[in-house]
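Reader: I would like a close look at one helix and its two sides. Please start with the side that faces out, then work back to the rest of the chain.

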Amino acid sequence: YSRDVTGALEREIETVVGIDASKFQALNSAYFVPNIVAPLVAGAFAQRFGATRVLVAMQAVAAVGHLVFGLGGQMKSYGALLAGRII
């Protein structure tokens, strides 16, 4: 869902924040790049600390990312949008 919602709002985000299509696509790329490494790290952490703890921690990190992205939209800050997608 969090990947798709920005796609549905592409024009609105570009207009409100004042970015072009290439910067918008960079937001999508920033979302996918951490997901290359995150499953490997999360798996190792789950074996060491327990799956439930890691799941809760990862969901908390995701919630922070969504919050930062949302605030970035309110502040019309491309940097905050990008940081939220990376988180």
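Author: Start with helix H2. On the face turned away from its buried side, H2 carries two exposed residues, Arg11 and Thr15. Keep in mind that this is a predicted model.

Now turn H2 around. The helix covers residues 10–17, and Ile13, Glu14 and Val17 are buried there. Look down the axis of H2: these buried residues fall within an arc of 100°, so they line one face of the helix. Note that Glu14 is one of the buried residues. Arg11 and Thr15, by contrast, are exposed. After H2 comes Gly18. The phi of Gly18 is positive, near 80°.

Next, the setting. The protein chain has six helices and zero strands. Along the sequence, the pattern reads α-α-α-α-α-α. The chain holds 87 residues, and 23% of them are buried. Its C-alpha atoms fill a box of roughly 45 × 20 × 20 Å along the principal axes. Consider the contacts between residues at least 6 apart in sequence: 52% of these join residues at least 24 apart.

Two helix pairs deserve a look as well. Two packed helices are described by the angle between their axes and the distance between the axes.

Take H3 and H6. H3 spans residues 21–32, and H6 spans residues 78–86. Their axes come within 7 Å and cross at roughly 25°. An angle under 35 degrees counts as roughly parallel, and H3 and H6 are therefore roughly parallel to each other. The crossing of H3 past H6 is right-handed. On the H3 side, the contact uses Lys23, Ala26, Leu27, Asn28, Ala30 and Tyr31. H6 answers with Tyr78, Leu81, Leu82, Arg85 and Ile86. Sorted by class, this contact has eight nonpolar residues, one polar and two charged.

Then H4 and H5. H4 runs over residues 34–49, and H5 over residues 51–75. They pack at an angle of about 140°, with axes 7 Å apart. Roughly antiparallel needs an angle over 145 degrees. H4 and H5 are therefore oblique to each other. From H4, the contact takes in Ala38, Ala42, Phe45, Ala46 and Phe49. These meet Ala51, Arg53, Val54 and Met58 of H5. By class, the contact of H4 with H5 has eight nonpolar residues, no polar ones and one charged.

Back to H2, to close. One face is lined by its buried residues. The face turned away from that side carries Arg11 and Thr15.

Definitions and conventions:
Residues are numbered from 1 along each chain as its sequence is written. This is a predicted model: local features need pLDDT of at least 70, side-chain atom pairs count only at pLDDT 80 or more; totals for chains, interfaces and linings use all residues. Side-chain values use heavy atoms; hydrogens and water are left out. Axes are lines fitted to C-alpha atoms, for helices over the stretch in contact, and angles run from 0 to 180 degrees between N-to-C directions. Helices (H or I, at least four residues) and strands (E, at least two) are DSSP runs, numbered from the N terminus. Angles under 35 degrees count as roughly parallel, over 145 as roughly antiparallel, 65 to 115 as roughly perpendicular and the rest as oblique. A crossing is left-handed if the near helix is turned anticlockwise from the far one by less than a right angle, and right-handed if clockwise. Contact means heavy atoms within 4.5 Å. Ala, Val, Leu, Ile, Met, Phe, Trp, Tyr, Cys and Pro count as nonpolar, Asp, Glu, Lys and Arg as charged, and the others, Gly among them, as polar. Buried means under 20% relative accessible area, exposed over 50%, partly exposed in between (1.4 Å probe, protein chains only). The arc is that of the directions from the helix axis to the C-beta atoms.
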